[in-house]
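Work through the exercises below with the sequence and the 3D structure at hand. Each task is followed by a solution in steps.

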Amino acid sequence: METQDLDLERSELELDAEPMFINVGPAHPAMHGTVRCQMELSGEVIERVDVQVGYLHRGFEKMCERGTWSQVYPYVDRCNYVSPMLNNVGFSLACEKMLGIEVTPRCAYYRIALGELARMSDHLTCDGAMAMELGAFTPFLWMIKGREMIWDIMEEETGARLTHSFGRVGGMASPPTDGFKETARTAVAEILAIVEESERLLFGNRIFLDRLQGIGKISAEDAISLGWTGPCLRASGVPYDVRKAHPYGRYDEFDFDVPVGSEGDCLDRFVVRIEEIKQSARIIEQALKKLPSSGPINVDDPRVVLPPKEQVYNTIEGTIRHFKVIMEGLKIPAGEVYSYTEGGNGELGFYLVSDGSGTPYRVRIRPPCFLVTSGLERVITGAMVSDVVPCFGSLNMIGGECDR
Amino acid sequence: MAQRLVDLLKNQFALAVLETYAQHGDETVVLDPGSWHEVCRFLRDAPPAQMNMLTDLTAVDYPERDPRFEVVAHLYSLQHGHRLRLKTRVGDRTGEDVRVDSISDLWGSANWMERECYDMFGIQFVGHPDLRRILMYPEFVGHPLRKDYPAERIQPLVPYREGINNEKLPPFTAFEGMPFGRQTHQQSGPLGSESDPELFPEALDASQGRNPEA
């Protein structure tokens, strides 16, 4: 078969010395979020890159200003859709900080157990997807199997697999089910086995290690300046974890370590997440031990907590109280607060401004992903095109949280 | 802890600090917009402060106040573990020509957060290297998080984007995406605006170079 090139001059076949522009995303199989990288290449090396986000912007902060404080929960759920429980807990803590409420011990430990399960599912998804994008499909299936177990627990507890909207100001929507401790213990043990199996499969794989080691390096100073938090910052060697540095909830009672990387490359970010899954398992084990099997889940505060259903249906006072909390919304005193928790990707902050009415005046969600994604430009400039995939995967950009 | 910082700022910048208060354990300093950058630099570099991380930067719109906007920054020091909220108030009631100094040269994280703040509130950060919309598209009219932007507003349809006068479109030419060595598309005549030498000078050069007979 004759190729068309044969009738061209030899000089015409040479590649252009001009830089080549290539566009990856917003919908690309190796980009598990809607982000677009416009790259200027010289050969295979990325000379310049412009990272563009915003393809998943749904105006959450504007929408939050239209409903009551409790109606914010579905929005924070949909911010980080791989660990929505952590967002639920973060927002609850922010509101409670403004109200000056402290939740009951049962609720606090329940939140920690559910939150750490959500963190495990976040890291399993990230590491699994990262391995899949580099061609290792088996670990992805195993890790997603592990995530499935967590989602089954979540479904049992909250009624929803993904978007739970389970947090409430002053408590949780419902107390833990009878079988929670048992199912959680079984699932955590199985997930740890899955993680160990995946580790054995991946860390002996030369191709996998070669594609991650020394790729996408970032120094601790750069990471701090870029506002990175969470696993990405810890991979660069900065042991900053909100749970340790500024314990919230009851994290100060727990015994766990903060895994820290040394190089700040893609492999470190991968390993830090793997280690965090193991630390989460430790925290869950302790939380399940501490979780009382009886006692109130909600605080006894008629300003914010809905009355029990028997009272609503049978007494006029209960009906009125229910009506006022639902229709007017719970009233948060005027003022502002910045509350921060450790989300799946780092410091998840809520800057809330209240004018004293039942509607938030301003809900600013400080997304850890947004700042981590802003560093993508620095990470991949000077790298090869094929390095974009592990770099982007290791940053764990969650479109919903980044764009809100 | 942070109270010490507030006292330090009061001593060092007596004229710039307009107001200080604390609520729910968050120390807040309200600054004069003119010394925004100077105080931020001091807080980043001074040994007792060492606020090496700008965790958050956003704005709040109070349409009935004058100045209308509050630019709010949250600083954190990894060494000392203290936090501080900085505020400055800018803009008049019309909401036009709102300006504040950019601090993107001090912290890398300010770059995207200032872009977002500009996108959502229309606050111009003077000295920002690349101030363009980030979450919205360039043709978006208005700034959605302002209180006078109705949430139900329907945006005008964006006309088909032509040419390269678009900041969110890559500077592509008509040759993009063509396999090397197959320039058959050039012989089929000019493609769209490719023939416009002002818009596509490189396209013209390339076509001249590659097709000497044309």
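The exercises that follow concern a predicted model.

**Exercise 1. Overall form of chain A**

Task: Describe the secondary structure of chain A and decide how compact chain A is for a protein of 404 residues.

Solution.
- Step 1. Chain A has 18 helices and eight strands.
- Step 2. Its radius of gyration is 24 Å, and the globule rule gives 22 Å for 404 residues. The two values are close, so chain A is as compact as a globular protein of that length.
- Step 3. Along the principal axes, the C-alpha atoms of chain A fill a box of roughly 90 × 45 × 45 Å.
- Step 4. Of the 404 residues in chain A, 52% are buried.
- Step 5. Take the contacts in chain A between residues at least 6 apart in sequence: 71% of them join residues at least 24 apart.

**Exercise 2. Two packed helices in chain A**

Task: Classify the packing of helix 4 and helix 5 of chain A, and list the residues that make the contact.

Solution.
- Step 1. Two packed helices are described by the angle between their axes and the distance between the axes.
- Step 2. For helix 4 (residues 84–99) and helix 5 (residues 105–133) of chain A, the angle is about 140 degrees and the axes are 7 Å apart.
- Step 3. Only angles over 145 degrees count as roughly antiparallel, and 65 to 115 as roughly perpendicular. The angle therefore makes helix 4 of chain A oblique to helix 5 of chain A.
- Step 4. Helix 4 of chain A contributes Pro84(A), Met85(A), Leu86(A) and Val89(A). From helix 5 of chain A come Arg111(A), Leu114(A), Gly115(A), Ala118(A) and Arg119(A).
- Step 5. Sorted by class, this contact has six nonpolar, one polar and two charged residues.

**Exercise 3. A sheet in chain A**

Task: Give the strand order and the edges of the open sheet formed by three strands of chain A, then place helix 4 of chain A against its strands.

Solution.
- Step 1. The order is 6-7-8, with antiparallel pairing.
- Step 2. Strand 6 (335–342) and strand 8 (360–366) of chain A are the edges, since each pairs on one side only.
- Step 3. From one strand to the next, the twist averages 15 degrees.
- Step 4. Six bridges link strand 7 (residues 347–354) of chain A to strand 8 of chain A. Leu352(A) stands opposite Val363(A) in strand 8.
- Step 5. Helix 4 of chain A lies across strand 6 and strand 7 of chain A, at about 145 degrees to strand 6.

**Exercise 4. Strand 4 of chain B**

Task: Is strand 4 of chain B largely enclosed or open, and which strands pair with it?

Solution.
- Step 1. Eight of its eight residues are buried, so strand 4 of chain B is largely enclosed by the rest of the structure.
- Step 2. Phe69(B), Val71(B), Ala73(B) and Leu75(B) point one way, while Glu70(B), Val72(B), His74(B) and Tyr76(B) point the other way; all are buried.
- Step 3. Strand 3 of chain B pairs antiparallel with strand 4 of chain B over eight bridges. Here Val60(B) stands opposite Glu70(B).
- Step 4. Strand 5 (residues 83–90) of chain B also runs antiparallel to strand 4 of chain B, joined by eight bridges. Leu84(B) is the bridge partner of Leu75(B).
- Step 5. The hairpin of strand 4 and strand 5 of chain B has six residues between the strands, and Gly81(B) takes a positive phi near 75 degrees.

**Exercise 5. The contact between the chains**

Task: Identify the parts of chain B that touch chain A.

Solution.
- Step 1. The contact takes 35 residues from chain B and 41 residues from chain A.
- Step 2. Strand 3 (53–61), strand 4 (69–76) and helix 3 (109–121) of chain B each supply at least two residues of the chain B side.
- Step 3. Strand 3 of chain B gives the largest share, six residues.
- Step 4. The chain B side divides into 17 nonpolar, eleven polar and seven charged residues.

Definitions and conventions. Residues numbered from 1 in each chain as written. Chains lettered and ligands numbered in written order. Predicted model: local features only at pLDDT ≥ 70, side-chain atom pairs only at ≥ 80, totals over all residues. Contact = placed C-beta atoms within 7 Å. Helix = DSSP H or I, 4+ residues; strand = E, 2+ residues; numbered from the N terminus. Nonpolar A, V, L, I, M, F, W, Y, C, P; charged D, E, K, R; others polar. Axes fitted to C-alpha atoms, helices over the stretch in contact; angles between N-to-C directions. Parallel < 35°, antiparallel > 145°, perpendicular 65-115°, else oblique. Rg over C-alpha atoms; globule rule 2.2 N^0.38 Å. Buried ≥ 20, exposed ≤ 12 C-beta atoms within 10 Å, placed from the backbone. Pairing = 2+ DSSP bridges.
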